[in-house]
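Please look through the structure shown here, beginning with the overall fold and then turning to individual helices and single residues. The paragraphs below are meant to be read with the model open alongside.

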Amino acid sequence: MFGLVVRFSLRPGGAEGFDRLVARTLPLIVSSEPGTLLYLTHTVDGDPGARIFYEVYRDRAAFDEHERQDHVRAFLAAREEFLSGPPRVEFVTVADGKGMPAGAP
């Protein structure tokens, strides 16, 4: 499996627009990306201008396929107007845990 955590810092006043963009994009990820096993979006207690995504893919090829999707490319382009700087991306190796998708280590 292949995973990543992304932290977004939003510009003042950008949260509502960013959240609308996520709300438009997430259903397309759910319905058309079988290799995307988990795609969780989070708000951060005490930091209304932060969002965190936790993403788990079947493998690196599934992540690459996710990145090629029109809805993801549109999200990546549109999100820039809401951000105060570049997102922080950390690639992680999924080891184990409760709630892991079937077939996980």
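What follows moves from the whole chain to its helices and then to three single residues.

The coordinates are those of a predicted model, and the protein chain in it contains 3 helices and 4 strands. Followed along the sequence, these elements come in the order β-α-β-β-α-α-β. For 105 residues, a compact globule would be expected to have a radius of gyration near 13 Å, and the value of 14 Å found for the protein chain agrees with that expectation. Along the principal axes, the C-alpha atoms occupy a box of roughly 40 × 30 × 20 Å.

Some totals for the chain help to set the scene before the details. Of the contacts in the protein chain with a separation of 6 or more, 70% are between residues 24 or more positions apart. Buried residues account for 33% of the 105 residues, while the area that the protein chain exposes comes to about 6300 Å², with 54% of it supplied by carbon and sulfur atoms. As for charge, the protein chain carries 12 positive and 15 negative side chains, and the centres of these two sets are 2 Å apart.

Two of the helices can be read by asking which of their residues are buried. In helix α2, which spans residues 60-68, the buried residues are A62, F63 and H66. Viewed down the axis of α2, these buried residues fall within an arc of 100°, and therefore they line one face of the helix. The packing partners of the buried residues of α2 are β1 (2-9), α1, β2 (36-44), β3, α3 and β4.

In helix α3, residues 70-78, the buried residues are H71, V72 and F75. Because they cover an arc of only 100° around the axis, they are placed on the same side of α3. D70, R73 and A77, on the other side of α3, are exposed. The buried residues of α3 pack against α1 (15-32), β3 (47-57) and α2, and α3 is in turn among the elements against which the buried residues of α2 pack.

Past α3, the loop that leads to β4 (88-92) contains R79. Is this arginine, R79, buried or exposed? R79 has a relative accessible area of 14%, and it counts as buried because the cut-off for that class is under 20%. Not counting residues up to four places away in sequence, R79 touches F8, F18, L21 and P87.

Strand β2 offers an intermediate case in T41, whose relative accessibility of 33% makes it partly exposed. When neighbours within four places in sequence are left aside, T41 is in contact with V22, I52 and F53. The C-alpha atoms of T41 and V30, which are 11 residues apart along the chain, are separated by 13 Å.

The last residue to consider is P12, which lies in the loop between β1 and α1. At a relative accessibility of 76%, P12 counts as exposed. Although P12 and S84 are 72 residues apart along the chain, the separation of their C-alpha atoms is 8.0 Å.

Key: Residues numbered from 1 in each chain as written. Predicted model: local features only at pLDDT ≥ 70, side-chain atom pairs only at ≥ 80, totals over all residues. Heavy atoms only, no water. Helix = DSSP H or I, 4+ residues; strand = E, 2+ residues; numbered from the N terminus. Rg over C-alpha atoms; globule rule 2.2 N^0.38 Å. Buried < 20%, exposed > 50% of the residue type's maximum accessible area, 1.4 Å probe, protein only. Contact = heavy atoms within 4.5 Å. Areas by Shrake-Rupley, 256 points an atom, 1.4 Å probe, with all protein chains shown as cover. Lys, Arg positive; Asp, Glu negative; His and termini not counted. Charge placed at Lys NZ, Arg CZ, Asp CG, Glu CD. Arc of directions from axis to C-beta.
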